[in-house]
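This report goes through one protein chain, part by part. Keep the structure in view while reading.

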Amino acid sequence: MSRSAIIAPPKKRRWLRRTLGILGIVILVLLVKFIMHLVLPRNFRGSGEILPIELPHGRYQTLYYNEAAAPLGIVILGTGDGGWSYWEEKVAKHLVAKAYAVGGWACRGFSDTRQYDQTELAAGFRAAVEAVRARSGADDVPVWYGGWSTGAEQSVAAAASPERPNGLVGLLLAAPGEHGRYGITESDLLGVEPSGPGSFALADLAPKLTGLHIVQFAAGLDPLDDTTWLERLGQIPHKTMKLPNCLHDMGGAGDEFLQKLDEAMKWTLLPAKM
């Protein structure tokens, strides 16, 4: 076969170059959009009521959601590293519709206002629980920590503290990574695995979660999601709820995820099997 016979005709080569160029532009736009999504604050104003809380290194707040006269439980919902967004708002309203009281925890805001460690983080989560208790009148009810991405990692760290709120029964974790950090750095916002000062491995905290039920929601199309740390839980009750066709945001906190969230909360209330 001659060389001229295997060379694409000029028109076909032009069409191919044009197609690859358009594809490259689309990929670049999506990449820029993804980076901006990671780096910039969401500037999303949640509809909840702001409840101030006092902490050792200054005042902070939790975003309160509740419509029940007698809530069935309290959920402290940690955000991704961009702050409160459509995702947390949707989950909070779903939980409220199920008669739970919610306290929103904005991880980006907390990091922006102070340097902190596990002790202050755990104190913040406990203070959020107490603020929601006082506002809702929900005293003797179960409590869950949970969140999305960074919020899931922070929930693990707060729950691993020996100082837990009364009634804490479980963790509801959507797409945590292998490591987290007490704070948020620029590299964290770019999706680089946290390392160095202030970072922590979920696997190292796992043995300290005794007495809780742990649920992780794992998105099948999420490269940042990590479930290997669950092996370190040993006999601590835990389960993975898979969403094989979802990306990092669990289908935009879609119906499949919300249904699994309901199932997970019921499971965490079951007696631990010995």
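Two strands count as paired if DSSP finds at least two bridges between them. The model discussed here is predicted. In it, strand S1 (residues 49-53) and strand S2 pair in the antiparallel sense over five bridges.

**The chain as a whole**

The secondary structure of the chain comes to 10 helices and 10 strands. The chain has 274 residues, of which 51% count as buried. Its accessible surface comes to about 14000 Å², and 58% of that surface belongs to carbon and sulfur atoms. Among contacts between residues at least 6 apart in sequence, 74% join residues at least 24 apart.

**Strand S2 and its partners**

Strand S2 covers residues 60-65, and because five of its six residues are buried, the strand is largely enclosed by the rest of the structure. S2 has pairing partners that include S1 and S4. Towards S1, Gln61 of S2 is the bridge partner of Pro52. S1 and S2 form a hairpin with six residues between the strands, and in this hairpin Gly58 takes a positive phi near 120 degrees.

Strand S4 (residues 101-105) runs antiparallel to S2, and three bridges join them. Here Tyr65 has Val102 in S4 as its bridge partner. As a general point, the side chains of a regular strand alternate between the two faces of the sheet.

**Salt bridges**

Side chains of opposite charge can pair when their charged atoms come close. How many salt bridges does the structure hold? There are seven salt bridges, and the table lists some of them.

| Salt bridge | Closest N to O distance |
|---|---|
| Arg135 and Glu49 | 3.1 Å |
| Lys98 and Asp262 | 3.7 Å |
| Asp188 and Arg181 | 2.7 Å |

Take the pair of Arg135 and Glu49, which form a salt bridge at 3.1 Å. Arg135 lies in helix H5 (residues 118-136) and Glu49 in strand S1, so the pair ties together parts that are 86 residues apart in sequence. Arg135 is partly exposed, with a relative accessible area of 43%. Glu49 also counts as partly exposed, at 32% relative accessibility.

The side chains of Lys98 and Asp262 meet in a salt bridge too, at 3.7 Å from N to O. This pair links distant parts of the chain, 164 residues apart: Lys98 is in the loop between helix H3 (86-97) and S4, and Asp262 is in helix H10 (residues 255-268). Are these residues buried, or partly exposed? A residue is called buried when its relative accessible area is under 20%. Asp262 has a relative accessibility of 18%, so Asp262 counts as buried. Lys98, at 40% relative accessibility, counts as partly exposed.

In the salt bridge of Asp188 with Arg181, the closest N and O atoms are 2.7 Å apart. Asp188 is buried, and Arg181 is buried as well.

**A covered helix**

Helix H6 (residues 150-159) is mostly covered, with 10 of its 10 residues buried. Among them are Thr150, Glu153, Gln154 and Ser155, along with Ala157, Ala158 and Ala159.

**Two residues with positive phi**

Most residues other than glycine have a negative phi. Ala175 is not a glycine, yet its phi is positive, at about 60 degrees. Met250, another residue other than glycine, has a positive phi near 55 degrees.

Where is Ala175 placed? Ala175 sits in the loop between strand S6 (168-174) and strand S7 (179-181). Met250, by contrast, lies in helix H9 (residues 250-253). Ala175 counts as buried, at 1% relative accessibility. Met250 is buried, with a relative accessible area of 1%.

Which residues is Ala175 in contact with, leaving aside its neighbours within four places in sequence? They are Trp148, Ser149, Phe217, Asp222, Asp225, His248 and Met250. The contact of Ala175 with Met250 joins the two residues described in this section. His248 is 73 residues from Ala175 in sequence, but their C-alpha atoms are 6.5 Å apart in space.

Definitions and conventions
Residues numbered from 1 in each chain as written. Predicted model: local features only at pLDDT ≥ 70, side-chain atom pairs only at ≥ 80, totals over all residues. Heavy atoms only, no water. Helix = DSSP H or I, 4+ residues; strand = E, 2+ residues; numbered from the N terminus. Buried < 20%, exposed > 50% of the residue type's maximum accessible area, 1.4 Å probe, protein only. Contact = heavy atoms within 4.5 Å. Areas by Shrake-Rupley, 256 points an atom, 1.4 Å probe, with all protein chains shown as cover. Salt bridge = Lys/Arg side-chain N within 4 Å of Asp/Glu carboxyl O.
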